[in-house]
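Welcome to a short guided tour! Open your viewer and get ready to select one part after another.

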Amino acid sequence: MVQAQVAIVIPCHDQAEYLLEAIESALAQTIPCEVIVVNDGSTDDTSKVAKAAGVRLIEQKNRGTSAARNTGIAATRAEWIVCLDADDKLHRDYVKLAINKDDIVGAAVQRFGASSRVIRPTRLHPVCADFVRRNILTS
């Protein structure tokens, strides 16, 4: 089996109602990606949704979003990591465009549901120094 170049890590705690849309957006990328869902101690159907979608599932006690992301990152050997929240979706070309850019990639965010507002990052090509005081990206 060939190792995927990109892993999409989706931490999830009690967000099963949104998870399938997040997974589908990860699986719909224009380049193949490993998709890892980390069930961070959910009490809903998170594991059932991930298993039905056929993605890699890791279960752990609730330790918080950052710990769940780190668990997913540690579980892959992919060269590139994309972190995707369970209640978010990726544009189908996101990964293709992101891996052809700098090491840190920011993206515009488009809300869905009651609002479809687009939120653009303050810097399109951030560098590590931009994060010294605060996180300047939405994802």
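Here is a walk from the whole chain down to single residues.

**Stop 1: the whole chain**

Start with everything shown as a cartoon, and keep in mind that this is a predicted model. You should find 4 helices and 6 strands. Trace the chain from its N terminus and the elements come up in the order β-α-β-α-β-α-β-α-β-β. Now switch on the surface. The accessible surface comes to about 8700 Å², and 50% of that belongs to carbon and sulfur atoms. Of the chain's 139 residues, 38% count as buried. Contacts also reach far along the sequence: among those between residues at least 6 apart, 60% join residues at least 24 apart.

**Stop 2: the sheet**

Hide the surface and look for the open sheet. In what order do its 4 strands lie? Reading across, the order is 3-2-1-4, and the pairing is parallel. Select strand 3 and strand 4 (80-83) to see the edges, where each strand pairs on one side only. Turn the view a little to follow the twist, which averages 25° from one strand to the next.

Now zoom in on strand 1 and strand 4, which pair in the parallel sense over 4 bridges. To see one partnership, select V6 and look across to W80 in strand 4, its bridge partner.

**Stop 3: helices on the sheet**

Bring helix 2 (residues 46-53) into view. Helix 2 packs on the sheet, touching strand 1, strand 2 and strand 3, and its direction makes about 160° with that of strand 3. Next, select helix 3 (residues 65-74), which lies across strand 1, strand 2, strand 3 and strand 4. Helix 3 runs at about 150° to strand 1.

**Stop 4: two sides of helix 2**

Go back to helix 2 and show its side chains. Which residues here are buried? They are T46, S47, V49 and A50. Look down the axis of helix 2: these buried residues fall within an arc of 160°, so they line one face of the helix. Their packing partners are strand 1 (6-12), helix 1 (16-27), strand 2 (34-40) and strand 3 (56-60). Spin the view to the other side of helix 2, and you meet the exposed residues K48, K51 and A52. Just after the helix, select G54, which takes a positive phi of about 80°.

**Stop 5: N39**

Select N39, which lies in strand 2. Is N39 buried or exposed? Its relative accessibility is 4%, so N39 counts as buried; the cut-off for buried is under 20%. Show what surrounds this residue: leaving aside neighbours within four places in sequence, N39 is in contact with C12, T46, S47, L57, I58, E59 and Q60. You have already met T46 and S47 among the buried residues of helix 2.

**Stop 6: H13**

For the last stop, select H13 in the loop between strand 1 and helix 1. H13 is partly exposed, with a relative accessible area of 35%. Not counting residues up to four places away in sequence, H13 touches D40, G41, S42 and N62. Which atom of D40 does the side chain of H13 reach? It is the backbone oxygen, at 2.8 Å. Finally, add A68 to the selection: H13 and A68 are 55 residues apart in sequence, and 9.1 Å apart in space from C-alpha to C-alpha.

Note on methods
Residues are numbered from 1 along each chain as its sequence is written. This is a predicted model: local features need pLDDT of at least 70, side-chain atom pairs count only at pLDDT 80 or more; totals for chains, interfaces and linings use all residues. Side-chain values use heavy atoms; hydrogens and water are left out. Buried means under 20% relative accessible area, exposed over 50%, partly exposed in between (1.4 Å probe, protein chains only). The arc is that of the directions from the helix axis to the C-beta atoms. Contact means heavy atoms within 4.5 Å. Two strands pair if DSSP finds at least two bridges between them. Axes are lines fitted to C-alpha atoms, for helices over the stretch in contact, and angles run from 0 to 180 degrees between N-to-C directions. A polar contact is a pair of N or O atoms within 3.5 Å; within protein, one must be able to donate a hydrogen and the other to accept it, and residues adjacent in sequence count only if both atoms are side-chain atoms. Accessible areas come from the Shrake-Rupley method with a 1.4 Å probe; for residues, only the protein chains shown count as cover.
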